[in-house]
Amino acid sequence: MPELRQFQTLTRDDFECHPVWISIKSFDSGEPWFDEANEETFRYWEKDLPFPNQRGIAFVTANLEFKNGTIYPGFICPAREDWNISLPARKVRDQWIKPPSPSERHGGSPTAILGIQQPRIFLGQETFGFWGGRAGISEDTRKAFYRSASRPPEEIFPIRFSADLKFSKGLISGQLDGFYRNIPGTPPECSW
């Protein structure tokens with residue numbers, strides 16, 4: 001039985017011991033622990049690195065650098081090179097429906113990739129994300145982030161993030177200009 005973790009319990013120490021964590025539901029069907037897992041259950045990658053970045057959810061250790069040059073540990077979900085390809089058309093009743101690509105679902109914005117990469121940062125004992133989906137990141141969470149960072153937004157953003165190529169293939173770097181909220185069909189909103 002591998003060491004299993006729930007997404008919200010992954011820590012900086014976990015990523016220092018094991019730089020890649022994979023979703024049980026993405027990679028372990030047929031394994032005895034599969035039925036005991038849920039969508040938020042992860043285990044560390046035991047095979048050779050770099051992680052091949054197959055379809056599915058995996059997290060890779062990363063560095064996040066504030067505008068002022070301060071670097072913090074965190075993690076990202078590597079995006080595949082073909083991240084913006086829409087799924088194949090499928091037949092629904094008597095019609096063929098072609099799903100939109102990820103960026104088309106986000107108003108054509110190139111920042112849609114952040115919804116896949118989902119960068120997260122470790123500050124002290126807390127973990128903060130920047131992609132808030134439809135609800136966005138709450139004001140309380142943003143305030144907690146700024147308290148933990150001990151800096152104002154203008155010293156933090158933009159944040160550049162990257163993982164090491166020795167840990168994963170794919171698109172493993174990018175930039176955060178703030179906290180993001182996604183309203184379907186429109187570009188992601190970004191705010192401090």
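Arg 43 counts as buried, because its relative accessibility is 10% and buried means under 20% relative accessible area, exposed over 50%, partly exposed in between (1.4 Å probe, protein chains only). Let's start the exercises from this residue. The model is predicted, so local features need pLDDT of at least 70 and side-chain atom pairs count only at pLDDT 80 or more, while totals for chains, interfaces and linings use all residues. Residues are numbered from 1 along each chain as its sequence is written, and side-chain values use heavy atoms, with hydrogens and water left out.

**Exercise 1.** Find the salt-bridge partner of Arg 43, and say whether that partner is buried or exposed.

*Step 1.* Take the criterion: a side-chain nitrogen of Lys or Arg within 4 Å of a carboxyl oxygen of Asp or Glu.
*Step 2.* Arg 43 meets it with Glu 46, where the closest N and O atoms are 3.9 Å apart.
*Step 3.* Glu 46 has a relative accessible area of 54%, which means exposed.

**Exercise 2.** Locate Asp 28 and work out how its side chain is linked to Arg 43.

*Step 1.* Asp 28 sits in the loop between α2 (24–27) and β3 (41–44); here helices (H or I, at least four residues) and strands (E, at least two) are DSSP runs, numbered from the N terminus.
*Step 2.* With a relative accessible area of 2%, Asp 28 is buried.
*Step 3.* The two side chains, of Asp 28 and Arg 43, make a polar contact at 2.6 Å. The term stands for a pair of N or O atoms within 3.5 Å; within protein, one must be able to donate a hydrogen and the other to accept it, and residues adjacent in sequence count only if both atoms are side-chain atoms.
*Step 4.* Setting aside neighbours within four places in sequence, Asp 28 is in contact (heavy atoms within 4.5 Å) with Ile 22, Trp 33, Phe 34 and Arg 43.

**Exercise 3.** Which residues are linked with Arg 5 in a network of salt bridges?

*Step 1.* A search of the whole structure gives 8 salt bridges.
*Step 2.* One of them joins Arg 5 to Asp 14, with 3.1 Å between the closest N and O atoms.
*Step 3.* Arg 5 is partly exposed at 23% relative accessibility, whereas Asp 14 is buried at 7%.
*Step 4.* The network links Glu 3, Arg 5 and Asp 14.

**Exercise 4.** Describe the salt bridge between Arg 181 and Glu 189.

*Step 1.* Its closest N and O atoms are 3.4 Å apart.
*Step 2.* Arg 181, at 33%, is partly exposed.
*Step 3.* Glu 189, at 38%, is also partly exposed.
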